[in-house]
Amino acid sequence: MADDALFEFLHMEMVAHVYKEQASRAETEQERNTCVSVLEGMGFRVGQGLIERITKDAPSFKDDLDIMKFICKDFWINIFKKQIDNLRTNHQGTYVLQDNKFALLTQFSNGKQYLEEAPKYLAFSCGLVRGALSNLGLDSVVTAEVSTMPSCKFQVVIQKT
């Protein structure tokens, strides 16, 4: 239980630090978007490392869907102590992962009060997923959206090479 609180606090402080550091220098909207890129990059590297540790004893995966099921179950449990609530796919490389009570958003209000602040708290998690998929051999684009707090949807688009 203490691990969860420490992770959430570290995440909040990391986001605050990156935004404080970058915002003091940011003059344009594009420079402000750098904050999201920095957080996503941090998450990418952490995701790469975590997936190595989590999959060391796992059997090999047969396809993209098998990998996504692993991300939704085992990977998510290791990080957020729960499974993804819903996984949807169009069977053409696009997956939507829905978490109805996303751990990194639960400290915020359940209303729309902090809705515009939510994206900056999702960049690290998008990077986590993208980094994990990268180490499993899948290039992807991961985006997140929030319509009601603390529920969020991650859209994963696998890039075909």
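Lys160 comes out as exposed in this predicted model, with a relative accessibility of 59%. Its salt-bridge partner is Asp64, and the closest N and O atoms of the two sit 3.1 Å apart. Asp64 has a relative accessibility of 19% and counts as buried, because the cut-off for that label is under 20%. So this pair joins a buried acid to an exposed lysine. It also links distant parts of the chain: Asp64 belongs to helix α3, Lys160 to the segment after β4, and the two positions lie 96 residues apart in sequence.

The salt-bridge count for the model comes to four. Lys82, Asp85 and Asp99 are connected in a network of such bridges. Lys82 pairs with Asp85 at 3.1 Å between the closest N and O atoms, and with Asp99 at 2.6 Å. Since Asp99 sits in strand β2 and Lys82 in the loop between α3 and β1, the latter pair ties together parts of the chain that are 17 residues apart. As for accessibility, Asp99 is at 0% and counts as buried, whereas Lys82, at 24%, is partly exposed. Asp85 is partly exposed too, at 41%.

Now for the sheet that β2 and β4 belong to. Four strands make up an open, antiparallel sheet, running in the order β1-β2-β4-β3. At the edges are β1 (86-89) and β3 (140-145), each of which pairs on one side only. On average, neighbouring strands are turned by 15° against each other, leaving direction aside. β3 and β4 (residues 152-158) are joined by six bridges in the antiparallel sense, and Val142 stands opposite Val156 of β4.

Two helices pack on this sheet. Helix α3 (residues 64-80), the one that carries Asp64, touches β1, β2 (94-99) and β4, with its direction at about 15° to that of β2. Helix α4 (residues 123-135) touches β3 and β4 instead, and its direction makes about 155° with that of β3.

Helix α2 (residues 29-55) enters the picture through Gln48. This glutamine is buried, its relative accessible area of 17% falling under the 20% cut-off. Beyond its sequence neighbours up to four places away, Gln48 touches Gly131, Ala132, Ser134 and Asn135. There is also a C-alpha separation of 7.4 Å between Gln48 and Leu128, although 80 residues part them along the chain.

Key:
Residues numbered from 1 in each chain as written. Predicted model: local features only at pLDDT ≥ 70, side-chain atom pairs only at ≥ 80, totals over all residues. Heavy atoms only, no water. Pairing = 2+ DSSP bridges. Axes fitted to C-alpha atoms, helices over the stretch in contact; angles between N-to-C directions. Contact = heavy atoms within 4.5 Å. Buried < 20%, exposed > 50% of the residue type's maximum accessible area, 1.4 Å probe, protein only. Salt bridge = Lys/Arg side-chain N within 4 Å of Asp/Glu carboxyl O.
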